[in-house]
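Please load the model in your viewer and keep the sequence panel open beside it. We will move from one selection to the next, with a short note at each stop.

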Amino acid sequence: MYSYVKEIHPPSSVDYSCSCNFRSPNSSDLILIRGNLFQLYTVIERDQECVDELQSNPITSITTEKPKSTKNEVDDFFSDQGKKLNINKDEDELIPYPEFDVDESYLDKSRGEKLFGLRLVNQWSLMGKIKGISKVKNASKSIKGADQIILSFAQAKMSVVEFDHDTQSILTSSIHFYEHERYQRQMTTEDIDNKIEIDPNQACAVMQVYHNYLAVLPLTSESTGNHEDNSSFSNNKRNTDELQIRNIRDMVFLSDYNEPTLAILYEPTQTWAGTLNVLSDSCVVAIASIDIESESITIIYKVNDLPYDTFRLLPLPKPIGGMIALSSTSIIHIGQGFITFMNFTSTIGTVGSGKHTKEWIKANEQPFLNLNWRLDGAQATLIGFRHIAIWNELGELGIVELFGDLRGVNKISINMLIKSPTMGGDLSTWECKVDPKLALVSSTISDLGCFKIEPNSGLDSSMNNYKTSGNTNRAQVLLFVGTPGGYSLLVSAILNSNQVDQALFSSDITQNTVTSDSMDLDDMLYDVSNTSISLGVDTFDTSSKSDEIEWRIHDKLICAAPLVQIDIGESNVGRSILKGDDNLELVGSVGIGPQGGLVSIKKYIRPSVLASFDISQNQAKLRPGISVSKLSPKRVWNVCVGDTSFSSFQYSVSDSKSFLSFSQKQKNYSQFHSSWKELVVVTSETITTVFKAQGELVEIPRTGFANNEPTLYVGQLQLKNSNNILAVQVCSGFINVIGEGKNPIQKFYC
């Protein structure tokens, strides 16, 4: 039996991402959605020695020149092997591949910073096309304090999932279906973004259903002890006609309200190029209050006359508040029920603009009108509470700094870090103030938290040259920037800590600060005794001086998509021992925008062998009477045994614990794990051999494993509320549980 379609490679492009505490309250996890593939990553901390040893640190500069270094033993080994094999390389294999060199200037600056990485925990293929993702904090029913995940599927379905500790898999908590005829228009396509938004107070979740409807799912918290499944509701046709909300483009929850309050960007009457002369300011932002008990949505106020190409909303925290609306050529601030600020980033924004937009341009200064920065398809994220990082569809990166208070934004500053002078073109002609690898077309951005960098932690003096009103501490904000093609990056933005909400670091609020609950609005607006407003953060400087943000790239994920063209061929036989169909390779043209390139897809991994020895021959000498064929390795496992009780890094919301890399030197983990052993278990048809990994493989005769029996499976266990890891050996007649000693802790006979 043959299938018509067979998947030979899983989806590669990153469509959506979500940072959460999915596996436990203390885990720092990142969920990536690649088509129908659900991937679970954990954030780990790297040390500098591990980066130096791997020599593939993504925090590097790429060069095609051969690095200046002396030959080591590895170079001599490959040189000698090449002479013995007499390998003839084809001309197409002499292309200089990019090599990674560690930037020495970065090593000096990174002493006080933390280096992070991503490690894949597990992945699951789901039966459906995922269209949105969001998290519900502390809502897991199986793991107390962990988060639930809400997924939306095409065309209008919603599922609530959580992590199951017993099966180490995901389970579905509830399913909600909205694909009813009364919600569908005459023409329904799959190009609908079923975006999911969660109320900041965790009261409800909202999903867009087709073009004109919103589905509201009331949420229950694990802390309340209420485990009942609440039924969702949606605005009916009558309510939709009364609200006049149709053609929804974006929606976000606002954090300045006690009740769930949603900002909805929509276009009540759609326009096109032929009607721009009479209908160009066609978008509207409606602020709606959601009453869960009465299952109704009520409009509080509307903001009209927004540009027709407005496509995204971004809520702002205090002390500014309100929201930012992005259009193709303008940045707009909306607060207190009206537009407080509008600045254009390109002269094309004045072409075909409406009456309201033209009046605003005439009445207000437009310093960035000649910047020619198009924001089409842009992804934006907040860094602190006054900086916004924006990637547009060309891969350009700009930092927008906001100046203002509760009355609104009165000024912005735009710092273009990556700019294309020709609206695309070769990346070598781009103006880059940061690492060129940050030039990417972003599809999703997730904030993974922030933490402080103390001034006495060994930072280079050049990093402490920022005037921060006596505060020389720095903050490191960790972000994941996903892309549909090229490299998705794990990056950090380093800025002054007084530009980040101090509540993210600790629960202690700075003394002598007044919270918004105890301060009257009139006092905040008209009190002349205070020159700034303190709302649980350090003094908010409203001067026009822009604080620089330093960027670090910690890790990267390959996104081999979209495949524009593909070809198939056979690898050089001289460099591969495989033959026939097993030696075939797929070479394709992939990438989007500045991250275009070639990808090679192989059926098998072909590592460069540095050293090898024949285990079966060595074991045959120790065990006379057993043939060499029965001693050849069949399966290999890698397990850890011992105590893992150390906190890898302090996080903004939790601690994350991680295993050390197999390639790390013994002295790296002996500093933290005097009793932690990393073992390699090799089984044959008759015996089991155990090695200890400490830079090289060293055979251990007594470890608790049954050496005179073949092994069916090896795994590891970590008990709840314990940092001790145990190894498990499964044989045909019994199961061994192995600890740190030389004898098994427990043995179960089958």
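The tour below starts with the whole chain and then visits strands, salt bridges, a helix and the nonpolar cores.

**Before you select anything**

This is a predicted model, in which local features need pLDDT of at least 70 and side-chain atom pairs count only at pLDDT 80 or more, while totals for chains, interfaces and linings use all residues. Residues are numbered from 1 along each chain as its sequence is written, and side-chain values use heavy atoms, with hydrogens and water left out.

**Stop 1: the whole chain**

Show the protein chain as a cartoon: there are eight helices and 44 strands. Helices (H or I, at least four residues) and strands (E, at least two) are DSSP runs, numbered from the N terminus. Of the 750 residues, 48% count as buried; buried means under 20% relative accessible area, exposed over 50%, and partly exposed in between (1.4 Å probe, protein chains only).

Now switch to a surface. The chain exposes about 38300 Å², and carbon and sulfur atoms supply 50% of that area. Accessible areas come from the Shrake-Rupley method with a 1.4 Å probe, and for residues only the protein chains shown count as cover. Among contacts (heavy atoms within 4.5 Å) with a separation of 6 or more, 57% are between residues 24 or more positions apart.

**Stop 2: strands S38, S39 and S40**

Select residues 688-693, which are strand S39. Is S39 enclosed by the rest of the structure or open? Five of its six residues are buried, so S39 is largely enclosed by the rest of the structure.

Add residues 677-683, strand S38, which pairs with S39 in the antiparallel sense over five bridges. Two strands pair if DSSP finds at least two bridges between them. S38 and S39 form a hairpin with four residues between them, and threonine 683 has threonine 688 in S39 as its bridge partner. Then add residues 697-699, strand S40, which runs antiparallel to S39 and is joined to it by three bridges. Here phenylalanine 691 is partnered by glutamate 699 of S40.

**Stop 3: serine 134**

Jump to residues 130-136, strand S7, and pick out serine 134. Its relative accessibility is 11%, so serine 134 counts as buried. Leaving aside neighbours within four places in sequence, serine 134 is in contact with Cys18, Gln148, Ile149, Ile150, Ile196 and Ile198.

**Stop 4: salt bridges**

How many salt bridges does the structure hold? There are twelve, where a salt bridge is a side-chain nitrogen of Lys or Arg within 4 Å of a carboxyl oxygen of Asp or Glu.

- Select arginine 23 and aspartate 29, whose side chains meet at 3.2 Å, N to O. Aspartate 29 has 1% relative accessibility and therefore counts as buried.
- Select lysine 157 and glutamate 179, which meet at 2.6 Å, N to O. This pair links distant parts of the chain, 22 residues apart: lysine 157 is in strand S9, and glutamate 179 is in the loop between strands S10 and S11.
- Select glutamate 396 and lysine 419, which meet at 3.7 Å, N to O. They are 23 residues apart, with glutamate 396 in the loop between strands S24 and S25 and lysine 419 in strand S26. Both glutamate 396 and lysine 419 are buried.
- Select Lys195, Glu197 and Asp250, which are linked in a network of salt bridges.

While S9 is in view, add S10: the two run antiparallel and are joined by eight bridges. Serine 159 stands opposite isoleucine 175 in S10. Their hairpin has four residues between the strands, and glutamine 168 there takes a positive phi near 55°.

**Stop 5: helix H5**

Select residues 355-363, helix H5, and colour its buried residues Thr357, Trp360 and Ile361. Seen down the axis of H5, its buried residues fall within an arc of 100° (taken from the directions from the helix axis to the C-beta atoms), so they line one face of the helix. The face turned away from the buried side carries the exposed residues Lys355, Lys362 and Ala363. Now show strand S22 (338-344), which is included in what covers the buried residues of H5.

**Stop 6: two nonpolar cores**

A nonpolar core is a set of buried Ala, Val, Leu, Ile, Met, Phe, Trp, Tyr and Cys residues joined through side-chain atoms within 4.5 Å. In the largest, which has 26 residues, Ile383, Trp391, Leu438, Val491 and Trp551 touch the most other members. Strands supplying at least two residues each to this core include S24, S25, S26 and S28. Apart from it lies another core, of 22 residues, among them Ile324, Leu326, Ala378 and Leu402.
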